[in-house]
Amino acid sequence: MAELAALWIVRHGESTANVAATAAESSGAELIDLTHRDADVPLSATGEEQARATGRWLAGLPEHRRPDVAVVSPYLRAVSTAELALAGTGIPVSRDERLRDRELGILDGLTGHGVRRRYPDEADRRARLGKFYYRPPGGESWTDVALRLRGLLGDLRRDHEGQRVLLFGHDALVFLLRYLIEGLTEAELMALTREHVIANCSVTGWSADADGRLTADTFNDVGHLHQQGARPTREDEVHAEPV
């Protein structure tokens with residue numbers, strides 16, 4: 001099977017929705033105060049700083065480690081992160097809708113408390129089916145996202161064999177790439193989601209081993225933000241999905 005030389009995924013920088021979601025969860029609100037649709041949420045000032053710091057880190061990589069191409073989620077927060085991080089690098093960039101965030105359907109814009117108050121039957125159904133297979137009405141399950149990522153990985157391996165590819169996307173994608181590349185079980189994947197929160201502008205990566213197979217290099221790493229003088233988002237400020 002064709003294989004990449006290396007693959008990284010960077011979660012987008014802190015967004016205004018991350019900030020609003022943290023405030024809503026902390027206050028016990030049911031709704032997150034959002035003024036944009038999910039695809040159009042911009043970065044916060046901190047998110048822009050994180051993206052620029054990621055760019056300084058990328059620029060400092062030795063030539064043999066720098067990405068050959070970048071592929072970006074079409075959502076504004078990921079596009080803006082990529083534009084700031086890749087400015088002046090000359091790395092070719094394309095967008096792929098398969099890197100978009102998981103769609104939450106009727107639960108979009110709700111906190112965990114809001115889901116339980118407004119859609120108790122859905123909260124019960126999610127508890128019964130489990131996070132991996134639960135699909136909110138109008139939204140996607142984790143398996144739905146895995147299917148589109150599986151297709152993307154196949155295309156990347158075919159089109160960029162032997163190259164280093166950098167992705168810009170969202171937190172669920174980081175977990176699911178580990179699931180797909182490393183052959184995790186459902187139980188192992190769900191344990192990861194309970195134990196870790198994917199930080200804004202964190203880097204997760206894999207490199208080809210001596211046998212040409214992608215193996216894990218780093219997971220949810222924000223060391224480059226410290227090195228470049230940016231403020232990493234604290235774990236309790238990194239908002240994921242409500243259920």
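Here's a quick briefing on the sheet, the helices around it and the nonpolar cores. Keep in mind that this is a predicted model. At its heart for our tour is an open sheet of six strands with mixed pairing, and the largest nonpolar core counts 32 residues.

**The sheet**
- Reading across the sheet, the strand order goes S3-S2-S4-S1-S5-S6.
- Strand S3 (93–95) and strand S6 (214–221) sit at the edges, so to speak, each pairing on one side only.
- On average, neighbouring strands here are turned by 15° against each other, direction ignored.
- Strand S1 (residues 6–11) and strand S5 (residues 203–208) run antiparallel, joined by five bridges.
- Within that pair, Ala 6 stands opposite Ser 207 in S5.

**Helices to look for**
- Helix H3 (residues 76–86) packs on the sheet and touches strand S2 (69–72), S3 and strand S4 (164–169).
- The direction of H3 makes about 135° with that of S4.
- In helix H8 (residues 186–195), the buried residues are Leu 189, Met 190, Ala 191, Leu 192 and Thr 193.
- Those buried residues of H8 pack against helix H6 (142–159), helix H7 (171–182) and S6.

**The nonpolar cores**
- In the largest core, Leu 7, Leu 149, Leu 167 and Leu 176 touch the most other members.
- S1, S2, H6, S4, H7 and H8 each give two or more residues to this core, and H7 gives the most, with nine.
- Leaving aside residues up to four places away in sequence, Leu 149 touches Arg 98, Leu 99, Leu 173, Leu 176, Leu 177 and Leu 180.
- Another core, of 17 residues, lies apart from the largest one and includes Val 10, Val 72, Ile 91 and Phe 168.

Definitions and conventions:
Residues are numbered from 1 along each chain as its sequence is written. This is a predicted model: local features need pLDDT of at least 70, side-chain atom pairs count only at pLDDT 80 or more; totals for chains, interfaces and linings use all residues. Side-chain values use heavy atoms; hydrogens and water are left out. Two strands pair if DSSP finds at least two bridges between them. Helices (H or I, at least four residues) and strands (E, at least two) are DSSP runs, numbered from the N terminus. Axes are lines fitted to C-alpha atoms, for helices over the stretch in contact, and angles run from 0 to 180 degrees between N-to-C directions. Contact means heavy atoms within 4.5 Å. Buried means under 20% relative accessible area, exposed over 50%, partly exposed in between (1.4 Å probe, protein chains only). A nonpolar core is a set of buried Ala, Val, Leu, Ile, Met, Phe, Trp, Tyr and Cys residues joined through side-chain atoms within 4.5 Å.
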